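Here is a short report on one protein model and its ligand. Look at the structure first, then read on.

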Amino acid sequence: MKSARAARGATQSGAELKRRRRPRIVIRATGGRDGVLGEGSDVNSFPVGGIAVVIGASGGIGGAIADALDASGHFAEVVRLSRSSMPTLDITSEASIAEAAAGLARIGGPLRLVFVATGFLHDREVSPEKSWGQIDPAHMQRSFSVNAIGPALLMKHLLPLLAADGKAVFATLSAKVGSIGDNQLGGWYAYRASKAALNQIVRTAAIELQRRRPHAICVALHPGTVATALTGPFAKTGLDVQTPEAAAWQLLHTIDRLEPAASGHFLDRSGQPIPW
Ligand SMILES: NC(=O)c1ccc[n+]([C@@H]2O[C@H](COP(=O)([O-])OP(=O)(O)OC[C@H]3O[C@@H](n4cnc5c(N)ncnc54)[C@H](OP(=O)(O)O)[C@@H]3O)[C@@H](O)[C@H]2O)c1
């Protein structure tokens, strides 16, 4: 059997999958709170070593999470996957997800953390609907494909790979606008509905996970409003907008404090439950 490093070289060529050691860095979160990422980082509840993987590492929040995990030096491998990594991972393709899962399995270490930071809200052609008159089947299909079906396929292929003992977390970024109970404004039909579907999938998978790996945790997290390409067109005054680095620090702090009882819940970046 090949060593983990040899296997990695054979299956995960390219800078995106290489472990990168970074110097200790300090991140200033909103509200004047400093998050120190580096030695003694906020992922100390995980056993040292093993693998952390960030899906959507090319995005604003995903990139900041991967950088923070690298800076912590806590995991033996921080694997960054995206449509521009090598190998590529397109969350709308099950074959691509299965290939990535096989590559992770070949690395050989316990899979401790899966952080899913992919998502779709808009692009040059498509904007969130302001009225039911703008509902478009192709827009809805794409939203569900990226925001709900893709994470479900990641669960199918990666939950079975989670470490057999010790802390293990599958965290996926949802959005508060996916909350049905909290919906006061309307609009954004496709995004809201696809995130609500994601929340139900997280809850359902967590029930099965509890039977198979009672120590493991599967959660949906709302990151708050974060300055990324996803939110750029909707920037307005009065919002509490965070940098991706501050959001990453808070999200990792929350993940670090999660216990198995939190599995199947929809939490904000501070770990507080959001109504379904
Ligand atoms: N920013 C916020 O304020 C906010 C608020 C609530 C929830 N969220 C959620 O947080 C998550 C991350 O958002 P962000 O703000 O970091 O957005 P972002 O910077 O636009 O990142 C989105 C990521 O999704 C990836 N992606 C899109 N379609 C994909 C596909 N088919 N296959 C693989 N990757 C795909 C993008 O990859 P490419 O680089 O290849 O396009 C990118 O890595 C999303 O789920 C979003 O709904 C964000």
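Helix 2 and strand 8 (225-226) each supply at least two residues of the shell around the ligand. Helix 2 gives the most, with three residues. In total, 28 residues surround the ligand. The closest are Gly-59, Gly-60, Gly-119, Thr-228 and Leu-230. A residue counts as near the ligand if its C-beta atom, placed from the backbone, lies within 6 Å of it. By class, the shell has 12 nonpolar, 14 polar and two charged residues. Here Ala, Val, Leu, Ile, Met, Phe, Trp, Tyr, Cys and Pro are nonpolar, Asp, Glu, Lys and Arg are charged, and the others, Gly among them, are polar.

This is a predicted model: local features need pLDDT of at least 70, side-chain atom pairs count only at pLDDT 80 or more, and totals for chains, interfaces and linings use all residues. Residues are numbered from 1 along each chain as its sequence is written.

The protein chain has six helices and 10 strands. These are DSSP runs, numbered from the N terminus: helices are H or I with at least four residues, strands are E with at least two. Of the 276 residues, 45% count as buried. Buried means that 20 or more other C-beta atoms lie within 10 Å of the residue's own; exposed means 12 or fewer, and partly exposed is in between, with C-beta atoms placed from the backbone. Contacts reach across the sequence. Among those between residues at least 6 apart, 73% join residues at least 24 apart. Two residues are in contact if their C-beta atoms, placed from the backbone, lie within 7 Å.

Back to helix 2 (residues 60-72). Its 13 residues reach 19 Å from first C-alpha to last, close to the expected 18 Å. That expected span is 1.5 Å times one less than the number of residues. Because 13 of its 13 residues are buried, helix 2 is largely enclosed by the rest of the structure. Gly-73 follows helix 2, with a positive phi near 65°.

Next, a helix pair. The axes of helix 3 (residues 94-107) and helix 4 (residues 137-158) come within 10 Å and cross at roughly 35°. Axes are lines fitted to C-alpha atoms over the stretch in contact, and angles run from 0 to 180 degrees between N-to-C directions. Helix 3 contributes Glu-94, Ile-97, Ala-98 and Ala-101 to the contact, and helix 4 contributes Leu-153, Leu-154, His-157 and Leu-158. By class, six of these residues are nonpolar, one is polar and one is charged. His-157 touches Ile-97, Ala-98 and Ala-101, leaving aside residues up to four places away in sequence.

What about the backbone? Most residues other than glycine have a negative phi, and most peptide bonds are trans. A cis peptide bond joins Met-86 and Pro-87, with omega about 0°. Pro-87 is in the loop between strand 4 (77-81) and helix 3. Trp-188 has a positive phi, near 55°. Its loop runs between strand 6 (169-173) and helix 5 (189-212).

Three residues show the burial classes side by side.

| Residue | C-beta neighbours within 10 Å | Class |
|---|---|---|
| Trp-188 | 22 C-beta atoms | buried |
| His-157 | 17 C-beta atoms | partly exposed |
| Pro-275 | 10 C-beta atoms | exposed |

Pro-275 lies in the segment after strand 10 (266-268). Pro-275 touches Ser-179, Gly-181 and Asp-182, again leaving aside residues up to four places away in sequence.
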